[in-house]
Amino acid sequence: ITSNVFVALPMIQRGSVWRPNQIIELWDSLLQGMPIGCLMISELVPGTLVRRPGQQKSESVPADGGLGLIDGQQRTLTLLAA
């Protein structure tokens, strides 16, 4: 089963700020089986301006809504880059 969910960053979120050593430490934790924390999400209202992870331009949430990544952006971007 495939599920396409619109996931974006609320406009209050800053851009990617992790340095290379922080990325390495996250992967080291994953490979050692250590917990890396949880993500916090919130439902997005259609039409709200947001940014997609790793993108600079803003876009509107589609009519069927989506999820806003409130906490966990740096970890998510690190995993998406792999």
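What percentage of the 82 residues of the chain count as buried? In this predicted model, the share of the 82 residues that count as buried is 28%.

**Figure 1. The whole chain, with its 2 helices and 5 strands.** When the chain is read along its sequence, the helices and strands follow one another in the pattern β-α-β-β-β-β-α. The C-alpha atoms of the chain fill a box of roughly 40 × 30 × 20 Å, where the three lengths are taken along the principal axes. Among the contacts between residues at least 6 apart in sequence, 73% join residues that are at least 24 apart.

**Figure 2. The open sheet of 5 strands, which has the order E2-E5-E1-E3-E4 and mixed pairing.** The edges of this sheet are formed by strand E2 (40-44) and strand E4 (58-60), each of which pairs on one side only. Neighbouring strands of the sheet are turned against each other by 50° on average, if their direction is ignored. As a general point for reading this view, strands of a sheet pair through backbone hydrogen bonds, and they may do so in either a parallel or an antiparallel way.

**Figure 3. Strand E1 and the strands with which it pairs, E3 and E5.** Strand E1 (residues 7-10) runs antiparallel to strand E3 (residues 49-51), and 2 bridges join these strands. Within this pairing, Leu9 has Arg51 of E3 as its bridge partner. The pairing of E1 with strand E5 (residues 66-71) is in the parallel sense, and it extends over 2 bridges. Here the bridge partner of Val7 is Leu67, a residue of E5.

**Figure 4. The antiparallel pairing of strands E2 and E5.** These strands are joined by 5 bridges, and one of the residue pairs to look for in this view is Leu44 with its bridge partner Gly66 in E5. Strand E5 also pairs with E1, in the parallel sense, whereas E2 is one of the edge strands and pairs on one side only.

**Figure 5. Helix H1 and the glycine that follows it.** Helix H1 (residues 20-31) has 12 residues, and the distance from its first C-alpha to its last is 17 Å, which is close to the 16 Å expected at 1.5 Å a residue. After the helix comes Gly33, a residue whose phi is positive, near 75°.

**Figure 6. The crossing of helices H1 and H2.** The axes of H1 and helix H2 (residues 73-81) come within 10 Å of each other and cross at roughly 80°. The two helices are therefore described as roughly perpendicular to each other, because angles from 65 to 115 degrees are given that name. Where the helices meet, Ile23, Leu26, Trp27 and Leu30 of H1 face Arg75, Thr78 and Leu79 of H2 in contact.

**Figure 7. The buried residues of helix H2 and one residue at its exposed end of the scale.** The buried residues of H2 are Gln73, Gln74, Arg75, Thr76, Leu77 and Thr78, and they pack against E1, H1 and E5. Thr76, which has its place in this helix, counts as buried because its relative accessibility is 17%, and the limit for buried is under 20%. If its neighbours within four places in sequence are left aside, Thr76 is in contact with Leu39 and Leu69. Ala81 also lies in helix H2, but with a relative accessibility of 66% Ala81 counts as exposed. The C-alpha atoms of Ala81 and Pro10 are separated by 20 Å, and these residues are 71 residues apart along the chain.

**Figure 8. The salt bridge between the side chains of Asp71 and Arg75.** In general, side chains of opposite charge can pair when their charged atoms come close. In this view the side chains of Asp71 and Arg75 meet at 3.4 Å, taken from N to O, and the count of salt bridges comes to 1. Asp71 counts as partly exposed, at 39% relative accessibility, whereas Arg75 counts as buried, at 14%.

**Figure 9. Asp64 in the loop between E4 and E5.** With a relative accessible area of 72%, Asp64 is exposed. Asp64 and Phe6 are 58 residues apart along the chain, while their C-alpha atoms are separated by 8.8 Å.

How values were computed: Residues numbered from 1 in each chain as written. Predicted model: local features only at pLDDT ≥ 70, side-chain atom pairs only at ≥ 80, totals over all residues. Heavy atoms only, no water. Pairing = 2+ DSSP bridges. Helix = DSSP H or I, 4+ residues; strand = E, 2+ residues; numbered from the N terminus. Axes fitted to C-alpha atoms, helices over the stretch in contact; angles between N-to-C directions. Expected span 1.5 Å × (residues − 1). Salt bridge = Lys/Arg side-chain N within 4 Å of Asp/Glu carboxyl O. Buried < 20%, exposed > 50% of the residue type's maximum accessible area, 1.4 Å probe, protein only. Parallel < 35°, antiparallel > 145°, perpendicular 65-115°, else oblique. Contact = heavy atoms within 4.5 Å.
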